[in-house]
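Reader: I have a model open at the bench and would like to understand the words people use for it. Could you take me through them, one term at a time?

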Amino acid sequence: MRTPLIAGNWKMNNNRAQARELVEALAPLVKGLEGVEVCVCPPFTALDAAGAAIGDSGIKLGGQNVFWEEKGAWTSQVSPDMLLDVGCTYAIMGHSETRGRFGTVDEALASRLSYFGETDQTINVKAKFVLAKGLVPIVCCGEMIDERKAGKTDEIVSGQIRACLDGLTAEQVAGLVIAYEPVWAIGTGEVCESNEANRVCGLIRETVRDMLGDAAADAVRILYGGSMNDKNAAELLAKPDIDGGLVGGASLKADSFAVICRAAAGD
Ligand code: PEP
């Protein structure tokens with residue numbers, strides 16, 4: 001049995017006071033909820049404030065990104081130890097926004113410059129480093145709309161999974177989290193149809209099975225992300241290969257996020 005995970009990706013939203021307020025509003029709504037793990041991923045500057053407000057609610061904390069070095073001259077980066085120090089359990093990596101799959105700073109530089117530029121290879125290095133440190137990676141993957149229209153969804157997603165998980169052991173993969181996030185569904189209000197979301201999550205599971213065997217494939221949690229909200233969550237989360245959600249916009253309001261958490265718990 002895989003315990004569903006609902007992770008709220010706050011992105012670049014909420015200062016410390018707002019983070020405290022949001023967690024304080026969420027905590028009583030999810031406290032004692034069984035059969036689901038709830039996590040919030042505030043911006044780095046608000047991790048401490050959010051963590052302090054968690055109390056005994058059981059809400060977990062995650063970082064929105066992480067670097068693969070211990071410490072040193074890496075301006076702007078945050079290490080796994082720093083995330084652990086503020087109480088994180090999880091670290092998102094490979095989000096389509098940090099992969100630069102939303103676009104580039106300047107179309108003229110399109111082939112050279114993305115906003116952030118994570119790749120399958122850097123995600124792979126991060127996942128290995130973070131696992132060794134005791135954080136749980138949330139590895140994101142997903143196709144862009146032109147890739148879907150060209151019938152390349154399966155090839156793109158399974159290719160990302162093979163590259164991101166390359167060299168990891170079956171035990172490591174069993175303990176991590178994968179988020180299937182079709183890029184065209186993120187922040188657009190256009191959710192992936194539930195059967196199709198489940199099909200791609202199933203494809204990811206079969207890719208893991210092919211790479212690492214049954215134990216890893218049956219244990220790894222695969223989330224859906226992309227315009228999940230309080231109205232559509234129950235249908236998505238009822239699907240057998242969808243083990244939770246990575247939630248952006250709808251995680252910024254305690255009420256709607258709690259409805260999603262309750263749906264995952266089958267409440
Ligand atoms: C996300 O940022 O991971 C995400 C899924 O965003 P939204 O729920 O807003 O589409």
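Author: Gladly, and let's start with Gln64: a polar atom of its side chain lies 2.9 Å from the backbone oxygen of Lys11. The Gln64 side chain also reaches the backbone oxygen of Cys41 at 2.9 Å. A word on the source: this is a predicted model, in which local features need pLDDT of at least 70 and side-chain atom pairs count only at pLDDT 80 or more, while totals for chains, interfaces and linings use all residues. Residues are numbered from 1 along each chain as its sequence is written, and side-chain values use heavy atoms, with hydrogens and water left out.

Reader: What makes the pair Gln64 and Lys11 a polar contact?

Author: A polar contact is a pair of N or O atoms within 3.5 Å; within protein, one must be able to donate a hydrogen and the other to accept it, and residues adjacent in sequence count only if both atoms are side-chain atoms. Gln64 and Lys11 are 2.9 Å apart at these atoms, so the distance fits the limit of 3.5 Å. Another example is the polar contact of 2.6 Å that joins the side chains of Thr98 and Glu118.

Reader: Which residues does Gln64 touch, not counting those up to four places away in sequence?

Author: They are Asn9, Trp10, Lys11, Cys41, Pro42, Pro43, Phe44 and Ile92, where contact means heavy atoms within 4.5 Å. Gln64 itself sits in the loop between β3 and α3; helices (H or I, at least four residues) and strands (E, at least two) are DSSP runs, numbered from the N terminus.

Reader: Why does Trp74 count as partly exposed?

Author: Buried means under 20% relative accessible area, exposed over 50%, and partly exposed in between, with a 1.4 Å probe and protein chains only. Trp74 has 40% relative accessibility, so it counts as partly exposed. Its place is in the loop between β3 (60-63) and α3 (80-85), and Ser76 lies in that loop between β3 and α3 too. Ser76, at 62%, counts as exposed.

Reader: And why is Asp241 called buried?

Author: Its relative accessibility is 18%, so Asp241 counts as buried. Asp241 is found in the loop between α10 (233-237) and β8 (244-247). Leaving aside neighbours within four places in sequence, its contacts include Arg2, Asn198 and Arg205.

Reader: What is unusual to look for in Ser227's phi?

Author: Phi of Ser227 is near 60°, a positive value in a residue other than glycine. Ser227 is in the loop between β7 (221-225) and α10, and with a relative accessible area of 18% it is buried.

Reader: How many residues surround the ligand, and which are the closest?

Author: There are 14, and the closest are Lys11, Glu181, Gly187, Ser227 and Gly248; near here means that a heavy atom of the residue lies within 4 Å. A polar side-chain atom of His95 lies 2.9 Å from an oxygen atom of the ligand, and a polar backbone atom of Gly248 is 2.8 Å from a ligand oxygen. Taken alone the ligand exposes 290 Å², of which the protein buries 95%, with areas from the Shrake-Rupley method and a 1.4 Å probe; for residues, only the protein chains shown count as cover.
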